[in-house]
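Dear colleague,

I am passing on a structure that you have not worked with before, and I would be glad if you could look through it alongside the notes that follow.

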Amino acid sequence: MHDHGVRMRLAALAAGAALVSGVSLWPLIGHAAAYLTLIFCLASLVLQGRPRALLDVARAAWSIAFLVAFALIAFAFLLQPDHPSLAFIPDFAVFALAPLVGAGLAPLAERSLTIARVSQLCLLAAGLAALIGLHGMWQGYDRPTAPGVSPIHFADLAVVLGFMALAGTLADRGRGRWIYYLGPVLAILATIAAETRGALLVALGLALLYGVIRTAESALPRPIKLLLPLSFGVIVIAGFALAYALGFTRPLEAFQPVIALLRGELPADTSALYRVEMYRAGLLAFADAPLFGHGWHEQIGAAMPYLSPVGREGYALESWGYIHNDALSLAVAAGLCGLVAYGLMLGAPLLAHFRSPGGPDRKARLYAALCLSVGIFLSGATDVLLMVEMPKILLVLGAATLYWFGPRETDGAHA
């Protein structure tokens, strides 16, 4: 009995280390944090000595969503002519390991895992990202970022986690709940330091989302309910405008290509113009192989015949390895199988939330689930996050954490 108690305490420590690694350590160690998370989850499962916990979690809807997403991508890659992507099936293996991550976190549920504590880890991640960015600026680095992480991914992840920290304002009724509002501020500092533009659109979308969830089911008059989300968006734009006035002009330039497209014009900015070219050519390439796609690293090759001379010039200059959009990349790479898989990946956190019980923190948990899914979706609208490990582990880890929030009276994993 004593030995069992010691093992469970060690399992809880390993589970806690997995959560800290996956949520908070990536600004310091980059994508290695994803592998640490998996190692700690495996250690936790071994220490628990409850192999049935893995099967119990595998039956959960959110876990099934990830397993089916992995199976669809693997299926598409297997059925492609000449099998160009067989070697890249392991790139998506983290989704097949969703039951391992979920079962590995089980001891935390028994020790009162709360949305406030997870919000604090998100705040820590945003704080570390801001420190990395500001330190890089101080040292004169060009677009500072985490080790081995693209500046775009660095800014996107900082924004998603910075806004996820706001879940604490919806769950924590204490005097110190104002601290969570620092999450977006720190994330925007990291974005300004990394000089990325797409993260501004992510921040704007998540600010509007927070405003909508914040006012939902409240007794505020309807005009206020409409204006409050917009006011959060205005605050975000004001923050970037202040940075623009101080000389950090690149992030706020994100609006220029959008305005040009709304006018029916091509963007003057070459980076945005090349993306429009890739998207147009990618849609045509998808139509050539709509069921199973062309292959994970065959995206640009499949789109190349449809690129205009301007697009070909951009490829000659930058040698793109993928189409800069997660949904379109998966569509070209794995056809409809890839698109359905992408929808299942993004839907998994919501499935996990709706499986968890109600309670006073229900709104906070719903916001966290939406923030993670919408944030990854918006981030993947202008770049490919699924090419690297941290966004994938964050989706799985986030869904697993949402699953374990609150009491579990009938879960077999607790038996």
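**Salt bridges and helices**

Arg280 has a relative accessibility of 34% and therefore counts as partly exposed. Please keep in mind while reading that this is a predicted model. The side chain of Arg280 meets that of Glu277 in a salt bridge, with 3.1 Å from N to O, and both residues lie in helix H16, 3 residues apart, which is about one turn of the helix. Glu277, unlike its partner, is buried, since its relative accessible area is 10%, under the 20% that marks a buried residue.

A search of the whole structure finds 6 salt bridges. Another of them joins the side chains of Arg275 and Asp383 at 3.7 Å, N to O, and this pair links distant parts of the chain, for Arg275 belongs to helix H16 (residues 270-288) whereas Asp383 sits in the loop between H20 and H21, 108 residues apart. Arg275 is buried, with a relative accessible area of 15%, and Asp383 counts as buried too, at 2% relative accessibility.

In helix H21, Glu389 forms a salt bridge with Lys392, the closest N and O atoms being 3.4 Å apart, and the two residues are separated by about one helical turn because they are 3 residues apart in that helix. Glu389 is buried at a relative accessible area of 19%, and Lys392 is buried at 1%. Elsewhere, Arg52, Asp56 and Arg59 are joined into one network by salt bridges that share partners. The side chain of Lys392 also reaches the backbone oxygen of Asp91 at 2.5 Å, and, if neighbours within four places in sequence are left aside, Lys392 is in contact with Asp91, Val94, Phe95 and Leu386.

Helix H20 (residues 362-379) has 18 residues and spans 25 Å from its first C-alpha to its last, close to the 26 Å expected. Its buried residues include Tyr367, Leu370, Cys371 and Ile376, and the buried residues of H20 pack against several helices, among them H9 (115-138), H19 (326-355) and H21 (389-404). H9 itself has 24 residues and reaches 34 Å, close to the 34 Å expected, and just after H9 Gly140 takes a positive phi of about 80°.

On the surface, Leu134, Trp178, Tyr181, Leu182, Val185 and Leu189 make a nonpolar patch of about 540 Å², to which helix H12 (residues 182-194) gives the most, with 3 residues. Leu189 lies in helix H12 and, at 33% relative accessibility, counts as partly exposed.

With best wishes

Technical notes
Residues are numbered from 1 along each chain as its sequence is written. This is a predicted model: local features need pLDDT of at least 70, side-chain atom pairs count only at pLDDT 80 or more; totals for chains, interfaces and linings use all residues. Side-chain values use heavy atoms; hydrogens and water are left out. Helices (H or I, at least four residues) and strands (E, at least two) are DSSP runs, numbered from the N terminus. The expected span of a helix is 1.5 Å times one less than its number of residues. Buried means under 20% relative accessible area, exposed over 50%, partly exposed in between (1.4 Å probe, protein chains only). Contact means heavy atoms within 4.5 Å. Patches are made of residues with over 30% relative accessible area and no salt bridge: like charges are joined within 9 Å, nonpolar side chains (Val, Leu, Ile, Met, Phe, Trp, Tyr) within 5 Å. Accessible areas come from the Shrake-Rupley method with a 1.4 Å probe; for residues, only the protein chains shown count as cover. A salt bridge is a side-chain nitrogen of Lys or Arg within 4 Å of a carboxyl oxygen of Asp or Glu. A polar contact is a pair of N or O atoms within 3.5 Å; within protein, one must be able to donate a hydrogen and the other to accept it, and residues adjacent in sequence count only if both atoms are side-chain atoms.
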